[in-house]
Amino acid sequence: KVTSYTTEQEGFTESSYSEENVVQDGKIITSRGVGTAIEFALHLIAVLRGADVMKIHAGRILWPG
């Protein structure tokens with residue numbers, strides 16, 4: 001499963017393409033582009049440090065998610 005910037009979708013013919021902002025498939029994490037950078041970064045924090053640490057950082061940047 002993978003996501004990417006819209007114009008790159010056609011390059012993933014052997015993948016299950018998703019239009020979600022952030023997609024994790026095993027150890028591979030992809031996002032749609034610059035507009036999803038904060039969501040991507042918070043997902044990485046959750047994976048590496050845990051959901052509680054991610055929530056702390058999300059609160060510090062006033063992220064509504």
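What follows is a walk through the fold, the hairpin, a buried threonine pair, the salt bridge and a surface patch of this predicted model.

Some ground rules come first. Residues are numbered from 1 along each chain as its sequence is written, and side-chain values use heavy atoms, with hydrogens and water left out. As the model is predicted, local features need pLDDT of at least 70 and side-chain atom pairs count only at pLDDT 80 or more, while totals for chains, interfaces and linings use all residues.

The protein chain holds 2 helices and 2 strands, taking helices as DSSP runs of H or I with at least four residues and strands as runs of E with at least two, numbered from the N terminus. Read from that end, the order is β-β-α-α. The C-alpha trace spans about 40 × 25 × 15 Å along its principal axes. Accessible surface, from the Shrake-Rupley method with a 1.4 Å probe and with only the protein chains shown counting as cover for residues, adds up to about 4,800 Å², and 55% of that belongs to carbon and sulfur atoms. Of the 65 residues, 22% count as buried; buried here means under 20% relative accessible area, exposed means over 50%, and partly exposed is in between (1.4 Å probe, protein chains only). Take the contacts (heavy atoms within 4.5 Å) between residues at least 6 apart in sequence: 18% of them join residues at least 24 apart.

The two strands go together. β1 (22-25) and β2 (residues 28-31) pair in the antiparallel sense over 4 bridges, where pairing calls for at least two DSSP bridges between the strands. They make a hairpin with 2 residues between them, and glycine 26 in the turn has a positive phi of about 65 degrees. Valine 23 has threonine 30 of β2 as its bridge partner.

Threonine 30 also ties in with the segment before β1, where threonine 3 is found. The side chain of threonine 30 reaches the backbone nitrogen of threonine 3 at 3.0 Å, a polar contact (a pair of N or O atoms within 3.5 Å; within protein, one able to donate a hydrogen and the other to accept it, with residues adjacent in sequence counting only if both atoms are side-chain atoms). Threonine 30 is buried at 16% relative accessibility, and threonine 3 is buried at 2%. The side chain of threonine 3 has polar contacts of its own: the backbone oxygen of serine 18 at 2.8 Å and the backbone oxygen of glutamate 20 at 3.0 Å. Leaving out residues up to four places away in sequence, threonine 3 touches, among others, Tyr17, Asn21, Val23 and Arg32. On the same basis, the contacts of threonine 30 include Val2, Val22 and Phe40.

Glutamate 20 turns up again in a salt bridge, with its side chain meeting that of lysine 1 at 2.8 Å, N to O. Both residues lie in the segment before β1, so the pair ties together parts that are 19 residues apart in sequence. By the rule used (a side-chain nitrogen of Lys or Arg within 4 Å of a carboxyl oxygen of Asp or Glu), the count comes to 1. Lysine 1 is partly exposed at 43% relative accessibility, and glutamate 20 is partly exposed at 39%.

Out on the surface, Ile38, Ile61 and Trp63 form a nonpolar patch with about 270 Å² of accessible area together. Patches take residues with over 30% relative accessible area and no salt bridge, joining like charges within 9 Å and nonpolar side chains (Val, Leu, Ile, Met, Phe, Trp, Tyr) within 5 Å. Isoleucine 61 sits in the segment after α2 (51-60) and is partly exposed, at 47% relative accessible area.
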